[in-house]
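User: Hi! I have a protein model open and I'd like some help reading it. Can we go through it together?
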Amino acid sequence: TDLPRSPPAAAEPRHASPAAPRRLREKLRTAARMAGPPAHTAPGSRQQVQGGERRAEPATGAPAARETRAPFRFDYERFRRSLRHPVRGRRTGEDPETRARRMKIKEMMKFAWDNYKQYALGKNELRPLSKNGHIGNMFGGLRGATVVDALDTLYIMELEEEFQEAKKWVEKNFDLNVNGEASLFEVNIRYIGGLLATYYLTGEEVFKSKALELGEKLLPAFNTPTGIPHSLFSPCSGMSWSWGWASAGSSILAEFGTLHLEFLHLSELSGNPVFAEKASTSQLVLNRVEKPQGLYPNFLSPVTGNWVQHHVSIGGLGDSFYEYLIKSWLMSDKKDSEAKKMYDDALEAIEKHLVRKSAGGLTYIAEWRGGVLDHKMGHLACFSGGMIALGAEHAGEERKQHYVDLAAEITNTCHESYARSDTKLGPEAFRFDAGTEAMATRLSERYYILRPEVVESYMYLWRLTHDPKYRQWGWEVVKALEKHCRVEAGFSGIRDVYTTTPTHDNMQQSFFLAETLKYLYLLFCEDDVLSLDDWVFNTEAHPLPVNHTNFKA
């Protein structure tokens, strides 16, 4: 697999792999640096070999979900009655400025959607400068990533006409019978997540049926000796394999660790336990394997179930694994005590070994390479302030304030990475070494591709503390996006946040509509809009319901 050049021009896995669990380029570049040539090709893995020849193991015995499913009907009306708040809230007594700011963000969403619809409908993303569409190679022939990613945002923002346009495309044009090389992680968080969320929000059967049909196509990726899935799969052939750059055919923590929320809901809606069983295997393997210093390295062999390297990151390659531990517990209505313990133990190890304070007093999370700290924090890692805030709500009284403070300190550091740039947008990575604090020191890390992680943390910290600075910081981001990223036909990433006349990268990422604009909008909503009592956001900001009860009809 060719490594992307920097800065990334297209569908970023949100997390730093060829896809984005905390959302790819950073993951790719990091992994390429770390991995070097694989020493051998593990059985059952697919490696790129010299000359481009590849071998793939055919799927063996993937459970055919259609054949094993018992007659089952999900009681949607009962589910909706179980929600504690109206999905779009009650909107009572808000001040005019907050409403005006929310309406501005709604206008940005409409502008992004209208231009995608005009120039790129059915392609995966819009190229706003050249006014055409981009397909990319991350989704294995699947199309319409922006459509599926935008659906729930359009619905929540009450952009009814635009929502109907997106729904019509899914009904008439969304073809799942495609072949190619797809990222399990990206397809899961964007397509499965987006379809599931929109079904739960609307009750429209087309979204459920597409999610279940696509979910079955993901199952062959789990046909490995350990049940830890390969990173890549073919939607039609049933073959799966590892990234060519991943050392010794390893799977990536942020990818196989970011399936649980969606797969539990696939089982919930289908009545077929196979999805939940597949996703739970990773938790079992990770519980068994020894953790260096209590930390989870980023690369694990799907053949042996052992770590391949000791590189630990809360940014790309690791990020959303940790997020899904606390969210799995919350989504289970606080019953999945194993996920909660894994989260608590992991956070304790992260705080002990990775959290550091700079000379200037900024708290950051470093990366760990076999015991040596790399004093760098990626934009992707800035989701962690929100995650720690979310977990703090449910920590014991003696630890709750400690974690609220830690979340606020990390979020403040990420805000500083924005405030210290000329554009008031943050770089892809920033460092704390050689006298530098919260700034990129390498040309290859100065770009901004419309990423959501910083405003995501603002949204969670706002809901936890109601400190007005988080809304003010969010509004600064809105103004910077309008000034530097808005172009004639959409929004584009920029190549250097440290110049006020930046060059655009000609890519309107699908996650900009799924996440960045949604989190900004929610920041200026009352807390009952997609209330955290009822909903857990997947790592692409698609809301999935907390499982308050069993809704089998």
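User: Which strand is Arg431 in?
Analyst: Arg431 sits in strand β14, which covers residues 429-431. Keep in mind as we go that this is a predicted model.

User: Okay! And is Arg431 buried or exposed?
Analyst: Arg431 is buried, because its relative accessibility is 2% and the cut-off for buried is under 20%.

User: What does the side chain of Arg431 join up with through a polar contact?
Analyst: With the side chain of Glu445, in a polar contact of 2.8 Å.

User: Which other residues is Arg431 in contact with, leaving aside its neighbours within four places in sequence?
Analyst: Besides Glu445, the list has Asp374, His375 and Lys376, then Thr436, Glu437, Ala438 and Met439, and also Thr441 and Arg442.

User: New topic. Which residues does UniProt list for "active site"?
Analyst: The UniProt entry, which is unreviewed, gives Glu186, Asp319, Glu428 and Glu453 under that heading.

User: Let's take Asp319. Where is it found?
Analyst: In helix α12, which runs over residues 319-331. Asp319 counts as buried because its relative accessibility is 0%. Its side chain also makes a polar contact of 3.4 Å with the side chain of Ser320.

User: And Glu453, where does that one lie?
Analyst: Glu453 belongs to helix α16, residues 453-465. With a relative accessible area of 0%, Glu453 is buried too.

User: While we're on helices, how many residues does α15 have?
Analyst: Helix α15 has 23 residues, numbered 397-419. From first C-alpha to last it reaches 33 Å, close to the 33 Å expected at 1.5 Å a residue.

User: Which residues of α15 are buried?
Analyst: Among them are Tyr403, Val404, Leu406, Ala407, Ile410 and Thr411. Further along, the buried ones include Cys414, His415, Glu416 and Tyr418.

User: Why do residues three or four places apart in a helix point the same way?
Analyst: An α-helix has 3.6 residues a turn, so a step of three or four places brings you round to the same direction.

User: Neat. Last topic, sheets: what is the order of the open sheet of three strands?
Analyst: The order is β3-β4-β5, and the pairing is antiparallel. The edge strands are β3 (182-183) and β5 (240-241), each pairing on one side only.

User: How many bridges are there between β3 and β4?
Analyst: Two, with β4 being residues 232-233. Ser183, for example, has Leu232 in β4 as its bridge partner.

User: And what do strands of a sheet pair through?
Analyst: Through backbone hydrogen bonds, in either a parallel or an antiparallel way.

Methods: Residues numbered from 1 in each chain as written. Predicted model: local features only at pLDDT ≥ 70, side-chain atom pairs only at ≥ 80, totals over all residues. Heavy atoms only, no water. Pairing = 2+ DSSP bridges. Helix = DSSP H or I, 4+ residues; strand = E, 2+ residues; numbered from the N terminus. Buried < 20%, exposed > 50% of the residue type's maximum accessible area, 1.4 Å probe, protein only. Polar contact = N/O pair within 3.5 Å; in protein donor to acceptor, adjacent residues only side chain to side chain. Contact = heavy atoms within 4.5 Å. UniProt positions renumbered as here; feature names shortened; annotations may be inferred. Expected span 1.5 Å × (residues − 1).
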